[in-house]
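Let us walk through this protein step by step, beginning with the bonds that tie its chain together and ending with the residues packed in its interior.

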Amino acid sequence: MKKLILLLSVVLLVSCKSSYLSSKKSAVLLDINQEKDDNAFVNLKNYSRDFVFDMKYATADNFLKEQVYPCDECFLRVKTIKALLHANQAFIAKGYRIKLYDCYRPLAIQKKMWKIVPNPTYVANPKKGSIHNKGGAVDITLVDSLGVELNMGTGFDFFGPEAGHNYTDLSTEILANRQLLKSIMLQHNFKSFDSEWWHYNLNNSATDEVSNLKWRCED
């Protein structure tokens, strides 16, 4: 009986450990090409210093008006990060960098968001899940060499028609900025989400499994 209890305790401990992602940062940048499991979840911050982070759901500065992430980490599947790194290098060559608003979102957080705003116009129903829950979606914009965001016509998570790629009653500058973002992302294995200029999904990521891996925050 004692052996059985010990075995169950070990299994439970392993299970608990495996359900969390570590936010601990590597002392040196890691090489994403050394990661052999393309479906593993890893922290983008360990593979590049060339991104800007403004993780909206780790603050109350979002349409929910509530913080739903414990801290501002950006986890994605390895294959998503590989594509994102290449896209960012293409932007850097033009004098810009990617700024991230949202990355992987655990299903538990999706459920929390749905509880706050149970409207599929604004939040994906957790019964189906979203590409964010699969580690294949990013919400992004571009900043210039001074860190200033390019004018995209609306803010992040603006849900009017003006946020859509097909909305053209905008200035030449805004349309050019959106086209720059979209064209390079499409060249690097992403596809756009027509109603949200900031949302990009890795190609074929819809077939991946919804995940509920959460992360522990590091001080």
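A disulfide is a pair of cysteine sulfur atoms within 2.5 Å. In general terms, a disulfide is a covalent bond between the sulfur atoms of two cysteines. The model shown here is a predicted one, and it holds 2 disulfides.

One of them is formed by Cys-71 and Cys-217, whose sulfur atoms lie 2.1 Å apart, a separation that falls within the 2.5 Å limit. The torsion about the S-S bond of this pair is about -95°, and therefore the disulfide is left-handed. Cys-71 sits in the loop between strand S3 (52-53) and S4, while Cys-217 belongs to the segment after strand S9 (214-216), so that the bond links distant parts of the chain, 146 residues apart. How buried or exposed are the two partners, Cys-71 and Cys-217? Cys-71 has a relative accessible area of 12% and is therefore buried, because buried means under 20%. Cys-217, with a relative accessible area of 35%, is partly exposed, because this class covers values between the 20% limit and the 50% limit.

The other bond to look at joins Cys-74 to Cys-103, with a distance of 2.0 Å from S to S. This link is left-handed as well, with -90° about the S-S bond. It too connects distant parts of the chain, for Cys-74 lies in the loop between S3 and S4, whereas Cys-103 lies in the loop between S5 and H3, 29 residues apart. Cys-74 is buried, with a relative accessible area of 0%, and Cys-103 is buried with a value of 1%. When the bonded cysteines are counted along the chain, the disulfides follow the pattern 1-4, 2-3.

We can now turn to the interior. The largest nonpolar core has 51 residues, and those that touch the most other members are Leu-84, Phe-91, Ile-98, Leu-100, Val-138, Leu-181 and Met-185. Several helices and strands each supply at least two residues of this core, among them helix H2 (78-93), strand S5 (97-102), strand S6 (137-143) and helix H4 (172-187). Which element gives the most to this core? H2 does, with 7 residues.

Met-185 offers a way to see how such contacts are made up. If residues up to four places away in sequence are not counted, Met-185 touches Leu-84, Ala-87 and Phe-91, and also Ile-98, Val-138, Ile-140, Phe-190 and Tyr-200.

Methods: Residues numbered from 1 in each chain as written. Predicted model: local features only at pLDDT ≥ 70, side-chain atom pairs only at ≥ 80, totals over all residues. Heavy atoms only, no water. Core = buried A, V, L, I, M, F, W, Y, C linked by side-chain atoms within 4.5 Å. Buried < 20%, exposed > 50% of the residue type's maximum accessible area, 1.4 Å probe, protein only. Helix = DSSP H or I, 4+ residues; strand = E, 2+ residues; numbered from the N terminus. Contact = heavy atoms within 4.5 Å.
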